[in-house]
Amino acid sequence: MGLRGLITKDVKAENENSRTIIALRILYIVVFIAFILDICFAGLEVVRMYPYRIFALFVANILLFIFTYYSKTKPSLYLFMVFLFTYTFLMIPCFGWSAGMQNYFIIVLMLTFFATHVRSSIKFLFALGVLVLRIVLISVYGGIKPQTDISGLLDKCLQSTNISAVFIAIIFISYMFSKQENEEENKLMKYNDQLKKEAGTDQLTGLFNRRRTIEYLKLLGEDKEMGAVSVAMGDIDFFKKVNDTYGHDAGDEVLKFVAATMKDCVRENSFISRWGGEEFLIILPNCNGDNAFVALERVRRTIQKSVVKVGDKEIKVTMTFGLTEFGFHQDIDKVIKEADEKLYYGKSNGRNQVVY
């Protein structure tokens, strides 16, 4: 088993937070490496002066690392905090105040706010307790010199080792615990966007639905800088006959074909919606009636010339459109009614045309 497998191996207890356990294992490794480097820089004289203390901390580090494979998350987390407090208090006399062992308290604070699942008030109380211990540490060990002769260069190496260990721990904890929250937040945002999109989208054609269209028209009415806006109501001619002759599945294919054709033939900024059944509402912002008429004629001719293939069946359909310009002084319902009346006129006078 490699180092990665050693760190990520599941705990035996069920339903435990693997992220916290993995974090603790990495932190034990970071502290262990810093511990070994500190002893190397301080020299073997430190080991001779404090053999039991150093051996006990060495063994505790290894045993508590192993304990993470069998323990639940909460006991492992609190034992690590106790170990780090003990480690700091016992090693400052060995390496001196300038070695920076007291900075390990920052790791405890990070874990308190990121890894514990308790009320915020309890977290702040615990943080206050850490502050008190830090003050006690200053009063007991502040400015203490190492018991062995450590040169200026080696003392700086000790400082660098411990501050590096703390920085690595902070970076890792921040990444480990914020990464999942960020991912979950991004997933939630995408899910909400998807829900919003689905709420305003016709599932069959992928076009906007009536609800979203009304919202869009209201926004257009409030935009005083918008130029001419054309609104068209379109209807598939004899669509009931398509359903009766070829079946509703074929009718659905015709609806999807018509929707795709309209999107291909009009400008990208056009707003196309399925108004209901075989009726479609097309809104062309910054487009006067004459230009809209040309665009709708292009749609009409394309549909007329096309064949919808459903299995071995070939279906030909046509469309009729009623077109009007949207005046900002007009009521939305009145605009839609006017386009619908022109559509009705076209349906009553031969179909397959654009009435403007």
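In the predicted model, Met91 makes contact with Phe35, Ile54, Leu57 and Met101, when residues up to four places away in sequence are not counted. Met91 also belongs to the largest nonpolar core, which holds 52 residues, and together with Tyr87, Phe95, Tyr104, Ile107 and Leu111 it is among the residues that touch the most other members. Two or more residues are contributed to this core by each of helix 2 (18-42), helix 4 (51-67), helix 5, helix 6, helix 7 and helix 8 (152-199). A second core, separate from the one around Met91, comprises 31 residues, including Phe239, Leu284, Ala295 and Ile315. In soluble globular proteins, nonpolar side chains tend to be buried together.

Helix 7 illustrates how one of the contributing helices is arranged. For the 22 residues of helix 7 (residues 120-141), a rise of 1.5 Å a residue leads to an expected span of 32 Å, and the separation of 31 Å between the end C-alpha atoms agrees with this value. Within helix 7, the residues Lys123, Ala127, Val130, Leu137 and Tyr141 are buried; because they cover an arc of only 70° around the axis, they lie on the same side of the helix. An α-helix has 3.6 residues a turn, so residues three or four places apart point the same way. The buried residues of helix 7 pack against helix 5 (73-95) and helix 6 (105-114), whereas Phe124, Leu125, Ser139 and Val140, on the other side of helix 7, are exposed. Just after helix 7, Gly143 adopts a positive phi of about 80°.

The model also contains an open sheet of five strands, in the order 2-3-1-6-7 and with mixed pairing. Strand 2 and strand 7 (354-355) occupy the edges, and each has a single partner strand, so that one side of each is left without a neighbour in the sheet. Helix 11 packs on this sheet, where it touches strand 1, strand 2, strand 3 (279-285) and strand 6, and its direction makes about 10° with that of strand 3. Strands of a sheet pair through backbone hydrogen bonds, either parallel or antiparallel. Strand 1 (residues 229-236) and strand 6 (residues 319-326) run antiparallel and are joined by eight bridges; in this pairing, Val229 stands opposite Phe326, and Ala232 stands opposite Leu323. Strand 6 pairs with strand 7 in the parallel sense over two bridges, with Val355 of strand 7 as the bridge partner of Gly322. Because seven of its eight residues are buried, strand 6 is largely enclosed by the rest of the structure.

Ser270 is located in the loop between helix 11 (248-265) and strand 2 (271-276). With a relative accessibility of 12%, below the 20% limit, Ser270 counts as buried. Its contacts, not counting residues up to four places away in sequence, are with Ile283, Leu284 and Pro285. Although Ser270 and Leu284 are 14 residues apart along the chain, their C-alpha atoms are separated by 4.7 Å. Leu284 is itself one of the residues of the second core.

Terms used:
Residues are numbered from 1 along each chain as its sequence is written. Side-chain values use heavy atoms; hydrogens and water are left out. Helices (H or I, at least four residues) and strands (E, at least two) are DSSP runs, numbered from the N terminus. Buried means under 20% relative accessible area, exposed over 50%, partly exposed in between (1.4 Å probe, protein chains only). Contact means heavy atoms within 4.5 Å. Two strands pair if DSSP finds at least two bridges between them. Axes are lines fitted to C-alpha atoms, for helices over the stretch in contact, and angles run from 0 to 180 degrees between N-to-C directions. The expected span of a helix is 1.5 Å times one less than its number of residues. The arc is that of the directions from the helix axis to the C-beta atoms. A nonpolar core is a set of buried Ala, Val, Leu, Ile, Met, Phe, Trp, Tyr and Cys residues joined through side-chain atoms within 4.5 Å.
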